[in-house]
Amino acid sequence: MRFAVVVNEGSGSVPAGGEDTLCKIVSAAGHSFATRTDPNWSLDDRVDAAIRSDADAIIVWGGDGTTACVLSRSGPEGVPVLALPGGTMNLLHKRLHNGSTDWQEILERVLRASTTRSISAGHMPAGRFYLAAFLGRLTGLAQSREAMREGRILEAATTLVSNGVFDLNDPVRLTTKGRNGSNDLDAVAAAIVIDDNQTARFAIATMDPASPWDLATTAIDATINGWREAQSIDHGATNEVLVTVAPGATVPATLDGEQVSFDRSASIRLISRAANVLVAGQA
């Protein structure tokens, strides 16, 4: 197999000289390269060169944002993308590779035996996401949850406070569309998660607490146990969501862990076949 390679050594956990190490592993496994981009080029230029090449697949080693950039540029008709975790959170990589964040183990398994599959995406004006979008001030939970998992309790608590997680201002309205018509949900925070275990759809979780105390207890629960298991969070499913923002308000959000914000209403729609990925197959 001939690969194009995009390595973002500015990501959270890609070591210096990482691209040379990666390429040695690929060559030792009997594979070759359609192109290797110049590390002095901008990330956009490196992605462009990889997309334009005649490679059989693209290896991208970086964080969730770098991976999403390559997936969005490759699209449903492009060659498959082998995403290696090199960021801080690596949320998408965990989903693609059954929870693993060991880039070398993932690479070696895929080089031994691989399979290609398509993945879904959520599309909104601020960008695309391939795992989840979190809307509202509770987006600070993403960073806090990672800190909690690694035992950095003080950092987790500090992140919750500094991000204004417990502020009840600036709620958002989500209008979901389904077979039975539309449904309006007012929420302080919402999670829009791509659920493609069977039929691709958005799994929606919203929270509209009655008081800061309710928000605090739910936020802590979600930080420790995750959104799906947390109490006082309503769930639903849809393929399209309209997010309405109050005039003058700015809503913070994270798309696969990458922070963005928007200050106007936006439609979020599901793309059931958005890109192709390369994952380990049966040896």
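Which backbone nitrogen does the side chain of Ser53 reach at 3.4 Å? The side chain of Ser53 reaches the backbone nitrogen of Ala55. The structure is a predicted model, and its protein chain has 283 residues, of which 49% are buried. This briefing covers the overall make-up, the cores, helix H3 and three serines.

**Overall make-up**

- The secondary structure of the protein chain consists of eight helices and 16 strands.
- Among contacts in the protein chain with a separation of 6 or more, 67% are between residues 24 or more positions apart.
- About 13200 Å² of the protein chain is exposed, and 46% of that area comes from carbon and sulfur atoms.

**Nonpolar cores**

- The largest nonpolar core holds 22 residues, and those with the most contacts inside it are Ile58, Val70, Leu71, Leu96, Ile119, Tyr130 and Val277.
- Two or more residues of this core come from each of strand E1 (2-7), H2, E3, H3, strand E4 (81-85), H4, strand E5 (114-124) and strand E16 (266-280).
- The element that gives the most to this core is E16, with five residues.
- Leu96 touches Ala83, Arg117, Ile119, Val277 and Val279, leaving aside residues up to four places away in sequence.
- Another core, of 21 residues, lies apart from the one that includes Leu96; among its residues are Leu174, Ile192, Val243 and Leu270.

**Helix H3 and the residue after it**

- Helix H3 spans residues 64-74, and its buried residues are Asp64, Thr66, Thr67, Ala68, Val70, Leu71 and Ser74.
- Val70 and Leu71, both buried in H3, are also among the residues with the most contacts inside the largest nonpolar core.
- Gly75 comes just after H3 and takes a positive phi of about 75°.

**Ser53**

- Ser53 sits in the loop between helix H2 (43-52) and strand E3 (57-62).
- A polar atom of the Ser53 side chain lies 2.8 Å from the backbone oxygen of Ala50, and the side chain of Ser53 also reaches the backbone nitrogen of Ala55 at 3.4 Å.
- Ser53 and Ala34 are separated by 19 residues in sequence, while their C-alpha atoms are 6.5 Å apart in space.
- Not counting residues up to four places away in sequence, Ser53 touches Ala4, Ala34 and Thr35.

**Ser100**

- Ser100 belongs to the loop between helix H4 (91-96) and helix H5 (103-112).
- Ser100 has a relative accessible area of 13%, which is under 20%, so this residue is buried.
- The side chain of Ser100 has a polar atom 3.3 Å from the backbone nitrogen of Asp102.
- With residues up to four places away in sequence left out, Ser100 touches His93, Lys94, Glu105, Ile106 and Arg109.

**Ser32**

- Ser32 is part of strand E2 (residues 32-36).
- Ser32 counts as partly exposed because its relative accessible area is 32%, a value between the 20% and 50% cut-offs.
- The C-alpha atoms of Ser32 and Met1 are 6.4 Å apart in space, and the two residues are 31 residues apart in sequence.
- Ser32 touches Met1, Arg2 and Phe3, not counting residues up to four places away in sequence.

Technical notes
Residues numbered from 1 in each chain as written. Predicted model: local features only at pLDDT ≥ 70, side-chain atom pairs only at ≥ 80, totals over all residues. Heavy atoms only, no water. Helix = DSSP H or I, 4+ residues; strand = E, 2+ residues; numbered from the N terminus. Buried < 20%, exposed > 50% of the residue type's maximum accessible area, 1.4 Å probe, protein only. Polar contact = N/O pair within 3.5 Å; in protein donor to acceptor, adjacent residues only side chain to side chain. Contact = heavy atoms within 4.5 Å. Areas by Shrake-Rupley, 256 points an atom, 1.4 Å probe, with all protein chains shown as cover. Core = buried A, V, L, I, M, F, W, Y, C linked by side-chain atoms within 4.5 Å.
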